[in-house]
Amino acid sequence: GGVLVDDGQTLVVLEHQAAITSLDQDLRGAKASLSHRHFTVVSALREAAAVAQVDLLNDLADKTSRGRVFGYVPHWLINSVVMTATPAVVREVADRPDIARVEPDLEVSLISPVPG
């Protein structure tokens, strides 16, 4: 791919995402309590990430042992991984069929709390 990167943090979003909208509609239709809906949706997000990230995380662990990846953190909310790696690795990951997109040079900013 034509991904231009340096050794900064890169957001890697996996293709597979949990079907949260339809799940939430089903739960609302079943008049599930708010706490049950919350538990079910969070569980679905965690499970989707756990299943979809296995191959990528194994690959990143291997590349870490070879000095090509400097660190990575998996996230389940949007089924993604934030990694710090060589430009070549970022391009390799971007070309994987299980990856929806990569966002090189990720800048993390804090969101101010909402009052009240």
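The buried residues of α4 pack against β1, α3, β2, β3 and β4, and this helix offers a convenient place from which to enter the structure, which is a predicted model. Within α4, the residues that count as buried are Val-89, Val-90 and Val-93. Viewed along the helix axis, these buried residues fall within an arc of 100 degrees, so they line one face of α4.

One of these residues, Val-93, leads further inward. Apart from its neighbours within four places in sequence, Val-93 is in contact with Val-12, Leu-56, Leu-60, Met-83, Ile-99 and Val-102. The largest nonpolar core has 14 residues, and those that touch the most other members are Val-12, Leu-56, Leu-60, Met-83, Val-93 and Ile-99. Two or more residues are given to this core by each of β1 (9–14), α3 (54–65), β3, α4 and β4. As a general background, nonpolar side chains tend to be buried together in soluble globular proteins.

With these elements introduced, the chain can be followed from end to end. It holds four helices and four strands, and from the N terminus on their order is β-α-α-α-β-β-α-β. Among contacts with a separation of 6 or more, 69% are made by residues 24 or more positions apart. Of the 116 residues of the chain, 31% count as buried, while the accessible surface comes to about 7300 Å², with 58% of it belonging to carbon and sulfur atoms.

The strand β3 deserves a closer look. Six of its six residues are buried, so that β3 is mostly covered. Ser-80, Val-82 and Thr-84 point one way from β3, whereas Val-81, Met-83 and Ala-85 point the other way. In a regular strand the side chains alternate between the two faces of the sheet. On the side of β1, the two strands β1 and β3 run antiparallel and are joined by five bridges, with Val-81 of β3 as the bridge partner of Val-12. The pairing of β2 with β3 is likewise in the antiparallel sense and extends over six bridges, and here Met-83 of β3 is the bridge partner of Tyr-72.

β2 and β3 form a hairpin with four residues between them, and in its turn Asn-79 has a positive phi of about 50 degrees. Most residues other than glycine have a negative phi. Asn-79 counts as buried because its relative accessibility is 1%, which lies under the 20% limit for that class.

Lys-31 can be set beside Asn-79, for Lys-31 also has a positive phi, of about 55 degrees, although it is not a glycine. Lys-31 is found in the loop between α1 (20–29) and α2 (34–52), and because its relative accessibility is 73%, Lys-31 counts as exposed. The helix before this loop, α1, has one buried residue among its ten, so α1 lies largely in the open.

A last stop is Arg-96, whose place is in the loop between α4 (87–94) and β4 (99–103). Arg-96 is buried, because its relative accessible area is 18% and the limit for that class is under 20%. Leaving aside neighbours within four places in sequence, Arg-96 is in contact with Asp-55, Leu-56 and Asp-59. The C-alpha atoms of Arg-96 and Leu-56 are separated by 9.0 Å, although these residues stand 40 residues apart along the chain. Leu-56 thus brings the path back to the nonpolar core, where it is among the residues that touch the most other members.

Methods
Residues are numbered from 1 along each chain as its sequence is written. This is a predicted model: local features need pLDDT of at least 70, side-chain atom pairs count only at pLDDT 80 or more; totals for chains, interfaces and linings use all residues. Side-chain values use heavy atoms; hydrogens and water are left out. Buried means under 20% relative accessible area, exposed over 50%, partly exposed in between (1.4 Å probe, protein chains only). Contact means heavy atoms within 4.5 Å. Accessible areas come from the Shrake-Rupley method with a 1.4 Å probe; for residues, only the protein chains shown count as cover. A nonpolar core is a set of buried Ala, Val, Leu, Ile, Met, Phe, Trp, Tyr and Cys residues joined through side-chain atoms within 4.5 Å. The arc is that of the directions from the helix axis to the C-beta atoms. Two strands pair if DSSP finds at least two bridges between them.
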